[in-house]
Amino acid sequence: MEILMAFLIGILFMTATYLMLSKSLLRIIIGTGLLSHGAHLLLLTMGGLKRGAAPLLGEHAPSYADPLPQALILTAIVISFGVTAFFLVVAYRAYQELGTDNMDHLRGKEGHE
Amino acid sequence: MKTNDVILQTVTKFVLFVIILFSIHLFFAGHYYPGGGFIGGLMTSGAIVLLLLAFDIKTVKMILPFDYIKVVAVGLLIAIGTGAGALFFNMPFLTHAYTYAYLPLLGKTSLHTAVLFDTGVFLVVIGVTMTIIQTIGESE
Amino acid sequence: MSLLHLAVLSPLLLAILIPFLHKYFKNIHTGWFLLPLPAVLFAYFLQFISTTSHGGTVMETVAWISSLGINFTLKVDGLGLLFALLITGIGALVVLYSIYYLNPDKEKLNTFYVYLLLFMGAMLGVVLSDNLIVLYTFWELTSFSSFLLIGYWNHRERSRYGAQKSMLITVFGGLSMLGGILMLYIITGTFSISETIQMSNEVVNHPLFTATLILFLLGAFTKSAQFPFHIWLPDAMEAPTPVSAYLHSATMVKAGIYLVARMTPVFAHSGTWVWLVAGVGVLTLFWGSFSAVKQTDLKAILAFSTVSQLGMIMSLLGAGAAALHYGTIEDGYYIVAVTAAVFHLINHATFKGSLFMVTGIIDHETGTRDIRKLGGLMNFMPITFTLAIIGTFSMAGIPPFNGFLSKEMFFTGMLRVAEMDFFNMDTWGILFPIIAWSASVFTFLYSMMYVFKTFTGKYQPEKLEKKPHEAPIGMLISPVILASLVIIFGIFPNVLSHNIISPAMGSILPSLLENGEGFDVHISHWHGPTAELFMTIGVIAFGLLLYKFMPKWAGIYSKLPSRMSFNRFYDRGLELLELTSKNITKSYMTGFIRTYLVYIFSFFILALASTLIFKNAFQLDLSDVAPIRFFEVVLVLIMAVSAITILFAKSRLTSIILLGAVGYTVALFFVLFRAPDLALTQLVIETVSVALFLLAFYHLPQIRRNEERIRFRATNALISIAVGAIVTMIALSAHSNKTFGSISEYYVENTYKKAGGENMVNVILVDFRGFDTMFEIAVLGIAALGIFAMIKLRLTRGRELDENK
């Protein structure tokens, strides 16, 4: 399963990178979303999969799945939601003000260093 | 945009309370079962989002007249205040304490300062989600 | 916190109050609030003489960063005290002078005096601290305050230029010195100067010695405007004249001298030190006096004169350090050079201070400082004229003023350098007295120019802006006091020798003294018909000759190639530096986000791939894997297909829905992998996210992909595939390489014991790693505020355009 997940994560990172390199703002945002999904799965896979019960002591299991990556991912999920929302608003305000979402046109003006 | 969404509205009225009750359960169960501030907060916001979808922003604002930015602030204050509370007992910042008490009706109950901290998280998550949704939804 | 610490910090503390005093007492010149402080400090430091004159020191320590050996240690010894007295004494006189010099209606007095106090405190810190890091901190503070004061009239282009120049050069030196300090720390293991001095043998024999020495000297030479770093000092004359008198002649530029004197016991056992300090000093002496002659601005003459005099003191310190070669006071044939250095340090502060103030008076009363416009002022300003005579004659080394005495001793010191039979001095040493003598001729020459071209000759009223008259009494008090000191020290030099000069020398050459011993300094006027006397007579005779025939030979100055000057080198260098760095930055900061992302991803690929290869980290271990079930394969496929389909999606809606599909599948994976909290969170988040995307939907543009060219897409594809491959390899290696056990056991064991909970994930979040969570919600709050601000607070079109102009 870990091997399979490794390849799936690779695909997620690949598509995310490709989207982020494109010129459309919306695609860049979708790319960041995919990137965070990939990162979350990577963290979880690194900790080992399906080893023991869910990390609840109430299960009274002999072993539990690693709780630490889960805690980290939980934080990451919420943060990436905040970041995605922020990106989205940046994108749509930029589009509204400047009338384009093409990254080529969204450069700083000359003499504006 | 006037469409016929009587079914959605009726269902929402009913489901809303179930979701909110469930989210409160999730929030309080967090220390023992899956749940906690993040999930509880998100679930509550999810319920409000459903309300938004069924009705419109103005109606929801009338039902829930909160300034969500202030909810964020209050949540942050609670979280930091709980952490700072430990300082008064000469403990490092964010040290939590808990005890067990026998309350009427509930029987043996554990009381955690961590729940207070989680309340802060809960409020911040609701506040943030709703601020984002509401401001984007309002801007036309 | 001792009284001594308070004394050093008091100028900085008063600086805080100055703006308020300035605001609430508009009618009183702010300088009056300042004046008592340096005066009181001067009196306070005077009482240390009783301790230091017997070789004693006072040391006070306040712990600062003790773990790194950095403590705010102050030490008053002979050398430090001499400088502290100069700083406070001249400081008081300069403040008094400035009260009459600066017009309260026209100038921003509050900032001026805040900077001045900043400088005063910083300078006291430099000369009294015994910790090298503290010394460095104050050292840079003097550079900053000097920068602010030079640029005080910041509406003038020349002021800004001068300020920047002094800042760049002195801070360059300061940073070099910091390097030296750190190297010294590597050698000795301490930042304390007193302890470093004890270890000077180890320092001299260490392989880093030469580098340390050069770095320290760079600091000293830039600060004291030594050749070829002297170019900042003439431009620093754009500062108000009180500042020039105080910082750029009497005190700050002497910080380099102080550093050399202070570090002499550490470094001076080597020939390198003697050669460098004496050599650069004598070169500066000559170049400064030679350049001073061609100046037409009175202040520029004084600036180059200061450069030259600083070189003279520097060369004396270098020559005197040779005394350490022997090691006992009996053989101290060369000690006279150090005596001369200390004595001339005091003399220079007195006569140069008064001359600067005289220049300020001339400028103030006539409106110009150009000697071509001035002349015949003697009749209008008799007192100023007298002051100028005293100052310049002392500078030129004419008896009975104090400059004569130190100039004689200077010649003695230089003649003895020629006699040295070590450090290879026997070959080139003879150059020292020759250069010193010719420099003295030029010194004599520009001194005469200063006084006679201004005060005698033809009066040219048509070239002056104002009708000249004598200065107000307040402006004359300070230069009169300094000029009287010139005479007093000239006639009774020995009032200083026991109390001030001898203890200062004790700090410079401590190894020559037994416990409780002191240098027996006696300065006399008449040594009989010695070589020094003939040299002085020669200077005067030859100087007069040159003065008389000046128009005949002054042409050589125009022969000097201006293209080769150091100023030009500095200007061109700065221009080139700015241009090159701008071009380099422009070449990679293109303004396209994509370019930056390409940098990031390329670095990511390179760094991780090379780590994987060189560390031999890539391994594949298939023995310990979780079983795969059929529907898991289906989930993987769904996810992979939806992710790839996004790449080809033509509409926004499809992309968003596909992103949602990936998200929900992730939630299902969380369920499979025993992470109920994650699954719940992911489900709700995904729902809210999709709602969010749909809300923002109306505001977002359609996806247009046809603009992207094939080559553009190919590069992107290549980078993406590389990133995907690397991440896969990392995931595989992370699974196969378990070099140490997980730290999670701690959480499994303690979740109930210590936190009284059962859900480990939640307990980690709110309890064990509560700090993370706290900052996380803070970040969320900030994101929400940012979104709120971006949407609610819109700039109107017109205002936005205004800002973009």
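Start by selecting A:His37, A:Ser80, A:Thr84, C:Glu686 and C:Ser689: of the 15 residues that line the largest cavity, these lie nearest its centre. You're looking at a predicted model, so keep that in mind as you click around. The cavity holds a volume of about 170 Å³. By class, its lining has 6 nonpolar, 8 polar and 1 charged residues.

Now show the helices around that spot. Helix 2 and helix 3 of chain A, along with helix 31 (676-697) of chain C, each bring at least two residues to the lining of the largest cavity. Which one gives the most? That's helix 31 of chain C, with 6 residues.

Next stop: the second largest cavity. Pick A:Leu44, A:Gly47, A:Gly48, A:Leu49 and A:Lys50, then add A:Ala65, A:Asp66, A:Pro69 and A:Gln70, and finish with C:Phe673 to complete its lining. About 60 Å³ of space sits in there. Sorted by class, the lining comes out as 5 nonpolar, 3 polar and 2 charged residues. If you feel like hunting for others, the count is 9 cavities of 30 Å³ or more.

Keep A:Gly47 selected, then add A:Met46, C:Lys738, C:Phe740 and C:Ser742. These five lie nearest the centre of the second largest pocket, which is lined by 36 residues. Its volume is about 980 Å³. The lining divides into 17 nonpolar, 12 polar and 7 charged residues.

Colour the helices here too. From chain A, choose helix 2 (25-46) and helix 3 (67-98); from chain C, choose helix 28 (593-614), helix 32 (710-736) and helix 33 (744-753). Each of them supplies at least two residues of this pocket's lining, and helix 32 of chain C gives the most, with 5 residues.

Time to zoom out and look at chain C by domain. Give one colour each to domain 1 (268-554), domain 2 (590-739) and domain 3 (750-805). How many Å separate the centres of domain 1 and domain 3 of chain C? Taken over C-alpha atoms, it's 67 Å.

Last, bring up chain B beside chain C. The contact involves 41 residues of chain C and 42 residues of chain B. Together the two chains bury about 3600 Å², with 76% of it on carbon and sulfur atoms. On the chain C side, highlight C:Val766, C:Met774 and C:Ile777, which lose the most area to chain B and together make up 16% of what that side buries. Don't spend time searching for salt bridges across this interface: the count is 0.

Definitions and conventions: Residues numbered from 1 in each chain as written. Chains lettered and ligands numbered in written order. Predicted model: local features only at pLDDT ≥ 70, side-chain atom pairs only at ≥ 80, totals over all residues. Heavy atoms only, no water. Domains from an automatic or database assignment. 1 Å grid on protein atoms, 1.4 Å probe; cavity = no way out; pocket = protein on both sides within 12 Å on 5 of 7 lines; lining within 4 Å. Points joined across faces, edges and corners; volume = space filled by probe spheres on them. Helix = DSSP H or I, 4+ residues; strand = E, 2+ residues; numbered from the N terminus. Nonpolar A, V, L, I, M, F, W, Y, C, P; charged D, E, K, R; others polar. Contact = heavy atoms within 4.5 Å. Buried area = accessible area lost by both parts, 1.4 Å probe. Salt bridge = Lys/Arg side-chain N within 4 Å of Asp/Glu carboxyl O.
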